[in-house]
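Trainee: I would be grateful for a close look at a single part of this structure, a helix together with its surroundings. Please set out the account as one connected answer.

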Amino acid sequence: MNFGKILTAMVTPFDATGEIDWNATENLINYLIANGSDGLVVSGTTGESPTLSDQEKLDLFRFTVKVVDGRVPVIAGTGSYNTRDSIILTRQAENAGVDGIMLVTPYYNKPSQEGMYQHFKAIADCTALPIILYNIPGRSVVNLSVETVIRLSAIRNIVAIKEASGNLDAMAEIIEKTPEGFSLYSGDDGLTLPTLSIGGTGVISVSAHIIGNEMQEMIRKFQDGDIDGAAKDHRTLLPVMKALFATPNPTSVKAALNSNGIPVGGVRLPMIPLNNEELASLLAVLNAFEEVNS
């Protein structure tokens, strides 16, 4: 399954009362498709999945599938630390018409490598949809080892991994030892170009909310053999990427979208909005980027 080069981990827009804002969600979906997103990941960490109920997640899946209307793949985040609950939500997401599933490594309960293998296998066995694994040890505490990824890649519908360990050596080994057609996506925007250089497929991105077209241009240059041009783009984009992660995600990217005229509202507790100093720092970086590229 070819999901594309840039999948955007979409924020979940909220209204003034903290409920999902469906009009803003439709607007955001159309904006992202028009501005560099090859696919959308719904109800991931950036979508504030820890604060969404299962019913809200399911409503988001159905709504996004309807609005997208086949224009790009829709990937549903259905992973959790509870295998049974993940199976139920995965089946519901499949019935909602999504194109794929993303499964984060089980967090908090710290399973073994064998436990994680059995967890992912059990979910894969319950669905015909293609599955993207999501390794993010900085959030989940556990690290999905290269060996376990290789084992899981032998399962027919486990087709990709979002690798957010930042370990390029591990990423290279995964690319080398998994079957042809298995895709590796960077989970870190700042490693998009290095990941491509070792044979990765692309990135599952937060920054693409703001600089999706520019990231696509960087990837195009790399694929066309303009390595110097791609490297220059990488250096230009890096300050924006860093600024969007200067505070707990997705507080900065939501603030950036709001300031750019794409209303997505605030965040749900325990996340809190940017303070005045944080907002000023973010806007300074975005304005400097705009001036350079205007």
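Mentor: A polar contact is a pair of N or O atoms within 3.5 Å; within protein, one of the two must be able to donate a hydrogen and the other to accept it. The model is predicted, and the part chosen here is helix α12, which spans residues 276-293. At the start of α12 there is a contact of this kind: a side-chain oxygen of Asn275 comes to within 3.1 Å of the backbone nitrogen of Glu277.

From that start, α12 continues for 18 residues, and its first and last C-alpha atoms are 26 Å apart. This is close to the 26 Å expected at 1.5 Å a residue.

Next comes the question of sides. Leu282, Leu286 and Phe289 are the buried residues of α12. They lie on the same side of α12 because the arc they cover around the axis is only 55°. On the other side of the helix, Asn276, Glu277, Glu291 and Val292 are exposed. Glu277 thus appears twice in this account: its backbone nitrogen takes part in the contact with Asn275, and the residue is exposed.

The buried residues of α12 are covered by elements that include α9, α10 (227-244) and α11 (251-259). Of these, α9 (residues 208-223) leads to the barrel, since it lies across β1 (6-9) and β8 (202-205) and runs at about 170° to β1. Both strands belong to a closed barrel of eight strands, ordered β1-β2-β3-β4-β5-β6-β7-β8, with parallel pairing. From one strand to the next, the twist averages 25°. One of the pairs is formed by β5 (residues 131-135) and β6 (residues 158-163), parallel over five bridges; there Ile131 stands opposite Ile158 in β6.

The loops between the covering helices and α12 also deserve attention. Most peptide bonds are trans. The bond from Asn249 to Pro250, however, is cis, with omega near 15°, and Pro250 is found in the loop between α10 and α11. A cis peptide bond also joins Leu269 and Pro270, with omega about 15°; Pro270 is in the loop between α11 and α12.

In summary, α12 has Leu282, Leu286 and Phe289 buried, with α9, α10 and α11 among the elements covering them, while residues including Glu291 and Val292 are exposed on the other side.

Conventions:
Residues are numbered from 1 along each chain as its sequence is written. This is a predicted model: local features need pLDDT of at least 70, side-chain atom pairs count only at pLDDT 80 or more; totals for chains, interfaces and linings use all residues. Side-chain values use heavy atoms; hydrogens and water are left out. Two strands pair if DSSP finds at least two bridges between them. Helices (H or I, at least four residues) and strands (E, at least two) are DSSP runs, numbered from the N terminus. Axes are lines fitted to C-alpha atoms, for helices over the stretch in contact, and angles run from 0 to 180 degrees between N-to-C directions. Contact means heavy atoms within 4.5 Å. The expected span of a helix is 1.5 Å times one less than its number of residues. Buried means under 20% relative accessible area, exposed over 50%, partly exposed in between (1.4 Å probe, protein chains only). The arc is that of the directions from the helix axis to the C-beta atoms.
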